[in-house]
Amino acid sequence: MPTPLEKWVDEVAGLTKPDRVYWCDGSEEEARRIVEAGLKEEKIAGKPVFYELNHRTYPNSYLHRSHPTDVARTEHLTFVCHPDRETAGPNNNWMDPKEAKEKMTKLSDGCMRGRTMYVLPYMMGHPKSPYAKACIQLTDISYVAVSMRIMTRMSKDVIAKIGSSEDFVKGIHSVGDFDPNKRFIMHFPDEHLVWSIGSGYGGNALLGKKCFSLRIASWLGKQEGWLAEHMVIMGVEDPKGNITYITAALPSACGKTNLAMMQSTLPGYKVWTLGDDIAWLNVGPDGRLWAINPETGFFGVAPGTSMKTNPNMLKTLLKGTFYPTLFTNTALNAETNEPWWEGMDGNPPAHLLDWQGKKFDPALGQKAAHPNSRFTASVYQCDMLSKEFDNPQGVPISAILFGGRRTHTIPLVTESRSWTHGVFLGARMGSETTAAAIHKEGVLRRDPMAMLPFCGYNMGDYFRHWLSIGRRLKHPPKIYSINWFRTDENGKFMWPGFGDNIRVFKWIIDRVNNSVGVRETPIGFLPHLSDLDLSGLSISKEHLERLFAIDVHESQKEAQDAEEFFGKFGDRFPTELMEELHGLKARLKGR
Ligand code: OXD
Ligand code: MN
C-alpha cells in the first residue's frame with residue numbers, strides 16, 4: 001500500500017512526466033552528485049546550471065546564472081488562493097483555488113519532460129521543536145535542490161517522520177520553460193501546498209522560504225496562535241556576558257543581513273547571529289515571546305557586501321564546508337575565477353564577465369553583477385552563529401524593532417508606549433524606494449512589519465492577531481521604531497550605521513534592564529541624549545538632536561498618510577490601532 005506521500009509524488013510525476021524521479025537523502029555525497037548534474041547535464045537556455053569557482057579561495061563554491069528574465073521575486077504573479085477573496089485581503093493577489101488548480105494542472109502537463117524530478121524531504125525548524133514542520137518539495141532543477149539543502153534541514157529522516165501521515169507541507173516546483181507569461185507562484189493555505197512554475201529564482205522557487213515559512217506559516221500561526229515574521233534574530237552580549245535576544249523587521253533592501261551580523265564598534269559588546277530573514281514567534285509557558293529561525297542558511301543580496309559593511313558575511317562565504325556555497329548572478333573575475341560585485345572591496349578587476357557571462361564593458365554604464373545577485377551559504381559557516389541556534393525552544397525575545405529607510409520624519413530610535421502602540425508603529429512602517437529599484441526614487445511605500453508581500457491572509461486580521469498575541473504575553477518584549485537612514489539638507493546620512501548601530505542596541509538593552517529613563521514625546525518615548533554611548537564617535541550635539549527632531553507638520557502628514565493606508569483594510573482594521581492613530585494626532589495638536 002503506498003503512503004499518502006508516495007501517492008502524491010506518483011500523482012505529480014504522472015502529470016509533469018519527468019524522465020526520472022530521485023528521492024534525496026540530504027547526504028554530502030548526494031549534494032556532490034547533484035552539483036555535478038548541474039555542471040554537466042542540466043541546462044538553462046542551453047547553458048550549464050552551475051560553474052565551478054576557484055576552490056582555493058572560495059572553497060566548495062559555485063556560480064549560477066539564472067535565465068535572464070528570471071532574476072527576482074515576481075509579486076504580480078504570486079497568488080494566495082483562499083476560498084474567498086476577503087480572507088486573502090487587499091494585500092494579496094487572489095485566485096479561486098479551483099481555478100488556480102485547473103490553470104496549474106494545464107501548465108504542468110509534461111513540464112518536467114527530459115528532466116529529473118528531485119524529491120526533497122526537509123524540516124523547517126529544528127526537528128525537536130514543537131513548531132517544526134515536515135515538508136516535501138518536488139523540483140526539476142539541481143540549483144533548487146542544492147539551495148534547499150543549504151537553506152533547510154534536509155534529510156531522509158523526514159520521510160520516516162512523515163511515515164503514513166497526510167500531514168506534511170507540499171511544494172511542487174518546475175522551471176517550466178522559464179516563460180514569464182506562464183510563471184505563477186500559487187499558495188493554497190488550507191492544503192499547506194505551494195505550486196510554482198516558470199521560475200528558478202530564490203523566493204519563487206525555494207518553496208520552504210517566503211512561500212511556506214512566511215505566507216503559509218503566517219496563516220497557520222493565525223489559526224494556531226503564533227506568528228511567522230520577516231525578521232532578523234540576534235543575541236547581543238554585553239561586557240558582563242549577559243545576552244539579550246532581539247528581533248528586527250526591515251523591508252527588503254534595508255540591510256537585514258548586515259544587521260544580523262553586525263560587528264560592534266563598542267568594546268565589550270558582541271552580536272550573535274540566529275537568523276537574517278525569518279522568525280517564528282510563540283508565546284512560551286513562561287509568558288515570554290520565544291523565537292526560532294526555521295531556516296539554516298543565508299540567501300543575501302551580494303552587491304554592497306564588503307569588509308566595511310559586513311565582514312562577517314564575507315568570512316562566512318569564504319569558510320567552505322561540506323555545504324556548497326552558491327553565487328547567483330554575480331559577475332565573475334575571468335582571471336581568478338572568483339565572484340565579484342559592485343561595492344566589494346578593491347577596484348573592479350580588469351577582466352570581468354557580467355552576470356550573464358558577457359565581457360563587461362564599464363563604458364556601457366551598466367552594472368556587472370545583477371543588483372539582485374545573491375549568495376547562498378549555510379549558517380553553520382558563520383563564526384558568530386549563536387550557540388542557541390540549534391536549541392529547539394529558541395530564544396526569549398526582550399525587544400522587537402521595526403525599521404525602514406526614511407530620510408525624514410522618523411527618529412533614530414523611538415520606544416513604544418505600550419504593546420498596542422508598538423503594533424501601531426509596526427503597522428505604519430514604510431520604506432523609501434532606492435535608485436536601485438525599478439520604482440521612482442524616494443517614494444514611500446508602506447510595508448507593515450515588512451510583511452506586505454509575505455502575509456498569507458488579510459492584513460487587517462493580521463494586525464488583530466498581533467494584538468491578541470500581546471494579550472497572552474505576561475512579559476511582552478518592548479517594541480521600538482528604528483531608522484538608520486535620516487539625511488541632512490545635503491542628502492547625506494546623518495547616522496554612521498553598520499557597526500555603530502550597536503550604540504542604539506546598547507540603549508535598548510539599558511531600557512530592557514530599566515537602567516535608563518526616557519523622554520515622553522507625542523510620537524513615543526525618546527532617549528535622553530546623554531544616555532546614548534557615543535564614545536569614539538565624533539558627532540556634534542546639534543547633529544544628534546537632528547536625528548531625534550520631531551517636526552510636527554511632517555509628523556501630521558505621516559499620520560495622515562498612514563491613515564489612508566489603513567483605510568484599505570476597511571472594517572477589518574482593528575479599532576485599537578485607529579485609536580492609537582487618533583491619540584497620536586491629538587498629541588501632535590497639543591491636546
Ligand atoms: C528576500 C526579500 O529575498 O525579502 O529576503 O526579498
Ligand atoms: Mn527577506
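This is a short chat about some aromatic rings and one aspartate in a predicted model.

Me: Anything I should know before we start?
Reply: The model is predicted, so local features need pLDDT of at least 70 and side-chain atom pairs count only at pLDDT 80 or more, while totals for chains, interfaces and linings use all residues. Residues are numbered from 1 along each chain as its sequence is written, chains are lettered from A and ligands numbered from 1 in the order in which they are written, and side-chain values use heavy atoms, leaving out hydrogens and water.

Me: OK, how many aromatic pairs are there in the whole structure?
Reply: The search finds 27. Rings of Phe, Tyr and Trp (its six-membered ring) pair if their centres lie within 6.5 Å; planes under 30 degrees apart are stacked, over 60 edge-to-face, and the rest tilted.

Me: What kind of pair do tyrosine 22 and tyrosine 118 make?
Reply: Edge-to-face, because their planes are at 85°, with the centres 6.5 Å apart.

Me: And is tyrosine 118 buried or exposed?
Reply: Buried, at 5% relative accessibility, while tyrosine 22 is partly exposed at 24%. Buried means under 20% relative accessible area, exposed over 50%, partly exposed in between (1.4 Å probe, protein chains only).

Me: What about phenylalanine 566 and phenylalanine 573?
Reply: Those two are stacked, 4.3 Å centre to centre with 20° between the planes. Both are buried.

Me: New topic: what does the side chain of aspartate 533 join up with?
Reply: Lysine 506, through a polar contact of 2.7 Å between side chains. That term means a pair of N or O atoms within 3.5 Å; within protein, one must be able to donate a hydrogen and the other to accept it, and residues adjacent in sequence count only if both atoms are side-chain atoms.
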